[in-house]
Amino acid sequence: AAHGAPRPSRPDATRMMPAPITEPELLGGRYRLEGLLGQGGMSDVHRATDTRLNRPVAVKIFGAADDPSADQRFEQEAQVMANLRHPGLVAVHDFAVEADRAYLVMELVDGPTLKDVIAREDLPPEDIRRIGTEVAQTLAYVHSQGVTHRDIKPSNILVDSDGRARLADFGIAALLGADGHTAAGEIIGTPAYLSPEQVQGRPVGPPTDVY
């Protein structure tokens, strides 16, 4: 049902939502898609196997771009993301831009999101302090590399099998729109977690993530 669900139209977005994938596919001649893990406003995430290295991965697929600079910007931002190395990040292994879509290949973290954890239990103060510290340390590293996340929220924080907080979707907002907005002026992000400068359409930086 998830594969065939109707998608709202966003004709003015920098990058469109991907077309549903309804059968097994070997993406890029290498990544065997094995099931939908989740759907976002502009992308789908699939569990997959890297057949060359025989390891499980997650593949985030975006639809086709509708402006000439989008593919080049995707490559530039994906290269930055792939070169970030920190134990608090979900690593980016590979990326590609095709005629009708673009995709990122990422480390597969088998674990719930912080949003899921919060929904099912009241975290003790020591866990809240630990998770906050881990996310802050990860942000400090990424900001030192000149990168801003732009969409910090519990659903973008994964808790791995060791209980460590892992920050996902770094730079995704930049892949979708250079300034965090679509061509139609729509803001990319989650309203409850947007900083004032994002809402106002002003330049964003590390303070946006801290907020």
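In this predicted model, about 100 Å³ of space lies in the largest cavity. It is one of 2 cavities of 30 Å³ or more. Rolling a probe the size of a water molecule over the atoms is what shows where empty space is left. The lining of the largest cavity is made up of 12 residues, and those nearest its centre are Met81, Val90, Val92, Leu167 and Phe170. By residue type, this lining holds 11 nonpolar residues and 1 charged residue, with no polar ones.

Attention can now turn to the strands, starting with E4. Strand E4 covers residues 55-63, and 7 of its 9 residues are buried, leaving the strand mostly covered. On one side of the pairing pattern comes strand E3 (residues 43-50), which is antiparallel to E4 and joined to it over 8 bridges. Within this pair, His46 has Val59 of E4 as its bridge partner. The two strands E3 and E4 form a hairpin with 4 residues between them, and Asn54 in the turn has a positive phi of about 55 degrees. E4 is also joined to strand E6 (residues 101-107), again in the antiparallel sense, by 7 bridges. Here Val57 finds its bridge partner in Glu107 of E6. As a helpful picture to keep in mind, the side chains of a regular strand alternate between the two faces of the sheet.

Next comes helix H3, which runs over residues 125-144. How far apart should the ends of this helix be? At 1.5 Å a residue, its 20 residues should span 28 Å, and the end C-alpha atoms are indeed 28 Å apart, so the two values agree. The buried residues of H3 are Ile131, Glu134, Val135, Thr138, Leu139, Tyr141, Val142 and His143. An α-helix has 3.6 residues a turn, so residues three or four places apart point the same way. The cover over the buried residues of H3 includes helix H2 (114-120), strand E7 (157-159), strand E8 (165-167) and helix H6 (206-210). Just after H3, a positive phi of about 80 degrees is found at Gly146.

Helix H3 also takes part in a pocket. The second largest pocket contains about 420 Å³ of space. Its lining has 23 residues, with Val135, Ile152, Lys153, Ile157 and Asp209 the closest to its centre. H2, H3 and H6 are the elements that give two or more residues to this lining, and H3 supplies the largest share, 7 residues. In type, the lining of the second largest pocket divides into 15 nonpolar, 4 polar and 4 charged residues. Val135 thus brings the two descriptions together: this residue is among the buried residues of H3 and is one of those closest to the centre of the second largest pocket.

Note on methods: Residues numbered from 1 in each chain as written. Predicted model: local features only at pLDDT ≥ 70, side-chain atom pairs only at ≥ 80, totals over all residues. Heavy atoms only, no water. Buried < 20%, exposed > 50% of the residue type's maximum accessible area, 1.4 Å probe, protein only. Pairing = 2+ DSSP bridges. 1 Å grid on protein atoms, 1.4 Å probe; cavity = no way out; pocket = protein on both sides within 12 Å on 5 of 7 lines; lining within 4 Å. Points joined across faces, edges and corners; volume = space filled by probe spheres on them. Nonpolar A, V, L, I, M, F, W, Y, C, P; charged D, E, K, R; others polar. Expected span 1.5 Å × (residues − 1). Contact = heavy atoms within 4.5 Å.
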